[in-house]
Amino acid sequence: MKHRMIFALLAMATVVALLAACAPPATPVAPQQAPAEKAAKGYKIAIVVKNLGNPFFEAVNRGAQEAAKELGDEIIFQGPATPTAEGQIEIIDALIAQKVDAIAVSANDPDALVPVGKKAMDAGIVMISFDSGIAPAGRQLHISQADMETIGRVQVQMIAEQIGYEGQIAILSAASTMTNQNTWIEWMKEELKDPKYSKMELVAIVYGDDLREKSYNEAQGLFKSYPDLKGIISPTTVGIAATARALQDAGLCGKIKLTGLGLPSEMAEYVKNGCCEEFALWNPVDLGYLTAYVAHRMLAGEITGKAGETFEAGRLGEYTIQVDGDDVYIVLGPPFRFNAENIDEWAKVY
Ligand code: RAM
């Protein structure tokens with residue numbers, strides 16, 4: 001009886017073994033980790049900025065690190081020494097080779113980064129841009145700091161208020177290839193078409209490339225070339241601070257008005273000494289925080305880039321994905337104006 005049982009069991013085992021041998025081979029173990037396994041370990045999210053040494057992007061990094069801590073991810077913060085597309089391409093290529101999970105870029109050029117963006121996406125990496133966009137073909141989604149039209153228009157409104165809607169103005173931008181500044185400048189030109197600005201004239205657009213010394217020299221060049229200049233708009237945190245210093249060194253504070261986009265921490269002294277009455281910005285710490293959250297949510301498959309998808313971004317609350325043609329984007333929030341009334345409070349924050 002006992003033996004029969006053993007035989008029966010052995011026979012069954014043989015049948016099972018034979019069946020297994022005939023069955024198609026099991027799916028080979030994927031060389032890459034399964035998403036759940038990766039999530040448990042935390043994702044590697046690379047933030048590639050326009051260039052290193054810009055306090056604006058250091059604030060972005062602070063926010064990204066804060067989010068990564070909450071989510072259990074790792075932030076790899078990188079950028080070229082000078083703000084060029086070539087420098088960013090080299091970095092992104094290396095990040096693809098390192099097999100990071102996501103790359104978020106503030107682009108020095110919207111089109112030059114498309115091929116490397118495609119390469120990253122082909123390698124299964126989540127590819128997004130923030131602050132300064134890569135063209136839609138080279139990324140899955142863009143995180144905008146605020147509505148681009150509002151940012152452009154508000155800078156013209158601020159300079160007009162300061163110069164009494166009359167006189168020559170100039171723009172001191174970052175690099176001539178940068179997506180965000182170029183878009184804002186287009187909206188400034190649109191705003192200037194309003195008849196209320198008919199006595200104002202945009203006489204020059206110059207580029208300081210988001211480098212302190214070059215921006216300072218370009219500001220000095222404007223003072224020399226346009227002796228009747230009444231105002232300067234600088235839509236870059238590096239440019240506005242360098243222009244304020246150039247105005248101060250030339251004894252021109254108040255004579256030539258200055259506005260644009262600045263960091264309260266860098267601009268506080270110039271607001272107090274009258275070199276810059278008012279400027280605008282959004283919160284760059286929040287921009288970095290939101291960027292890291294978006295990368296994480298995409299990696300976890302919680303958002304895919306469809307219009308109307310919503311997701312939770314920690315302390316910032318809920319956001320909705322917007323789609324305009326092939327452009328998929330998210331907007332952080334409205335820009336704020338900074339002046340003598342609130343500068344001290346914000347200078348401590350960013
Ligand atoms: C500089 C950079 C950045 C821009 C800000 C306003 O720090 O050009 O991309 O968003 O200025």
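In which strand does Ser 173 lie? Keep that residue in mind as a destination: Ser 173 belongs to strand β6, and the tour reaches it by way of the sheet that contains this strand. The model on screen is a predicted one.

**The whole chain**

Begin with everything selected and coloured by secondary structure, where 12 helices and 15 strands can be picked out in the protein chain. The chain has 350 residues, 51% of which count as buried, and its accessible surface amounts to about 16,000 Å², with 56% of that area belonging to carbon and sulfur atoms. Among contacts with a separation of 6 or more, 70% are made by residues 24 or more positions apart.

**The sheet around β6**

Next, select β7, β6, β8 and β9, which form, in that order, an open sheet of 4 strands with parallel pairing. Its edges are β7 (200-207) and β9 (257-260), each of which pairs on one side only. Looking across the sheet, one finds neighbouring strands turned against each other by 25° on average, direction ignored.

Narrow the view to β6, residues 167-173, which runs parallel to β7 and is joined to that strand by 7 bridges. To see one bridge pair in particular, show Ile 171 together with Ile 205, its partner in β7.

**Ser 173 and its surroundings**

Now centre on Ser 173, still within β6. With a relative accessible area of 0%, Ser 173 is buried, because residues under 20% fall into that class. If neighbours within four places in sequence are set aside, the residues in contact with Ser 173 are Gln 181, Ile 185, Val 206, Tyr 207, Gly 208, Asp 209, Pro 235 and Thr 236.

**Two aspartates with positive phi**

From here, move to Asp 210, which is placed in the loop between β7 and α8. Asp 210 is not a glycine, yet its phi is positive, about 60°, and at 6% relative accessibility this residue counts as buried.

A second residue to display is Asp 131, in the loop between β4 (126-130) and β5 (141-144). Asp 131, also a non-glycine residue, has a positive phi of about 65°, and its relative accessibility of 2% places it among the buried residues.

**Helix α8**

Return to the loop that holds Asp 210 and continue into helix α8, whose 14 residues, 212-225, reach 20 Å from the first C-alpha to the last, close to the 20 Å expected at 1.5 Å a residue. Show the side chains of Ser 215, Tyr 216, Ala 219, Leu 222 and Phe 223, the buried residues of α8. Turn the view to look down the axis of α8: these buried residues fall within an arc of 115°, and therefore line one face of the helix. That buried set packs against β6, β7, β8 (229-234) and α9 (237-249), whereas the face turned away from the buried side carries the exposed residues Lys 224 and Ser 225.

**Helix α10**

The last stop is helix α10, residues 264-272, where the buried residues to select are Pro 264, Met 267, Ala 268, Tyr 270 and Val 271. Elements covering these buried residues include α9, β10 (279-281), β15 (336-338) and α12 (343-347), and α9 is also one of the elements against which the buried residues of α8 pack. After α10 comes Gly 274, with a positive phi near 85°, and the tour ends there.

Key: Residues numbered from 1 in each chain as written. Predicted model: local features only at pLDDT ≥ 70, side-chain atom pairs only at ≥ 80, totals over all residues. Heavy atoms only, no water. Pairing = 2+ DSSP bridges. Axes fitted to C-alpha atoms, helices over the stretch in contact; angles between N-to-C directions. Buried < 20%, exposed > 50% of the residue type's maximum accessible area, 1.4 Å probe, protein only. Contact = heavy atoms within 4.5 Å. Areas by Shrake-Rupley, 256 points an atom, 1.4 Å probe, with all protein chains shown as cover. Expected span 1.5 Å × (residues − 1). Arc of directions from axis to C-beta.
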